[in-house]
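Visitor: Please take me through one part of this model in detail. I would like to look closely at the space enclosed inside the protein, and then at what lies around it.

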Amino acid sequence: MTLKDSIFKYSVSTEIVINTPREQAWSVLQDFSNVHSWAPSVSDSYQIGKEEKGVGHGRHCDIDGFGGLDEIITEWNENEGFEYTVTPIGPLAPSCSRWSLVKLDESNTLLAVTLSYNLRYGLLGTFLHSVMMQKKLQRSLADTGEAVKARVESQSLKSEDTDGYRFAASLAQ
């Protein structure tokens with residue numbers, strides 16, 4: 001199931017510029033099973049299934065305040081992004097999320113994330129969505145984008161610090 005092949009009634013999206021090359025941002029995103037190491041609302045995550053990477057690779061995530069869900073990659077574009085399905089959680093029916101990295105220039109990358117979904121529980125689900133879920137999902141997605149940016153840029157700073165240290169050490173010799 002891909003976003004372009006499926007019909008979802010609702011979606012939330014976020015975009016953020018990450019101040020690193022696309023490959024550096026990809027190094028964080030491609031580590032799909034370890035999302036708990038940077039995503040603010042994921043308390044734990046681990047690999048499910050046999051695939052180590054790419055289409056068919058899956059992870060289980062424990063989401064603070066919601067419970068657990070499974071995510072399975074359905075599309076994988078090396079250094080560019082991926083799409084995955086998400087099992088139902090709360091009033092959300094099975095959904096789909098797309099993460100894309102767009103190279104803006106040599107040192108800046110645009111991260112675009114879209115979660116597309118339908119609702120469960122009939123009128124109750126629709127009510128919960130209109131009163132709080134849509135705003136909470138949008139805020140959570142924006143926070144997740146900020147967390148990716150912070151993680152990727154902090155890795156970039158560590159790399160630069162190490163390179164600076166090596167350079168300074170070579171001058172001292």
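Guide: What follows starts at the enclosed space, moves along one strand, and ends at the surface. Keep in mind that this is a predicted model.

Start with the cavity. The count comes to one cavity of 30 Å³ or more. The largest cavity holds about 50 Å³ of space.

Now its walls. Val28, Leu29, Asp31, Phe32 and Val35 belong to the lining of the largest cavity. So do Trp38, Arg59, Phe82, Tyr84 and Trp99. By residue class, this lining has eight nonpolar members and two charged ones, with no polar residue. Asp31 and Arg59 are in the lining, and both types count as charged. Two elements each supply at least two residues of this lining: helix 1, residues 22-29, and strand 5, residues 81-86.

Stay on strand 5. Threonine 85 sits in this strand. Is threonine 85 buried or exposed? It is buried, because its relative accessible area is 17%, and the cut-off for buried is under 20%. Serine 97 is twelve residues away from threonine 85 in sequence. In space, their C-alpha atoms are 6.4 Å apart.

Finally, go to the surface. Tyr121, Leu124, Phe127, Val131 and Met132 make a nonpolar patch there, of about 530 Å². Take valine 131 from that group. Its place is in helix 2, which covers residues 122-172. Valine 131 has a relative accessible area of 44%, so it ranks as partly exposed. That class lies between the 20% and 50% limits.

Terms used:
Residues are numbered from 1 along each chain as its sequence is written. This is a predicted model: local features need pLDDT of at least 70, side-chain atom pairs count only at pLDDT 80 or more; totals for chains, interfaces and linings use all residues. Side-chain values use heavy atoms; hydrogens and water are left out. Patches are made of residues with over 30% relative accessible area and no salt bridge: like charges are joined within 9 Å, nonpolar side chains (Val, Leu, Ile, Met, Phe, Trp, Tyr) within 5 Å. Accessible areas come from the Shrake-Rupley method with a 1.4 Å probe; for residues, only the protein chains shown count as cover. A salt bridge is a side-chain nitrogen of Lys or Arg within 4 Å of a carboxyl oxygen of Asp or Glu. Helices (H or I, at least four residues) and strands (E, at least two) are DSSP runs, numbered from the N terminus. Buried means under 20% relative accessible area, exposed over 50%, partly exposed in between (1.4 Å probe, protein chains only). On a 1 Å grid over the protein atoms alone, a cavity is a set of points where a 1.4 Å probe fits but cannot get out, and a pocket is an open set with protein on both sides within 12 Å along at least five of seven lines; lining residues have an atom within 4 Å of a point. Grid points are joined across faces, edges and corners, and a volume is the space filled by probe spheres set on the points.
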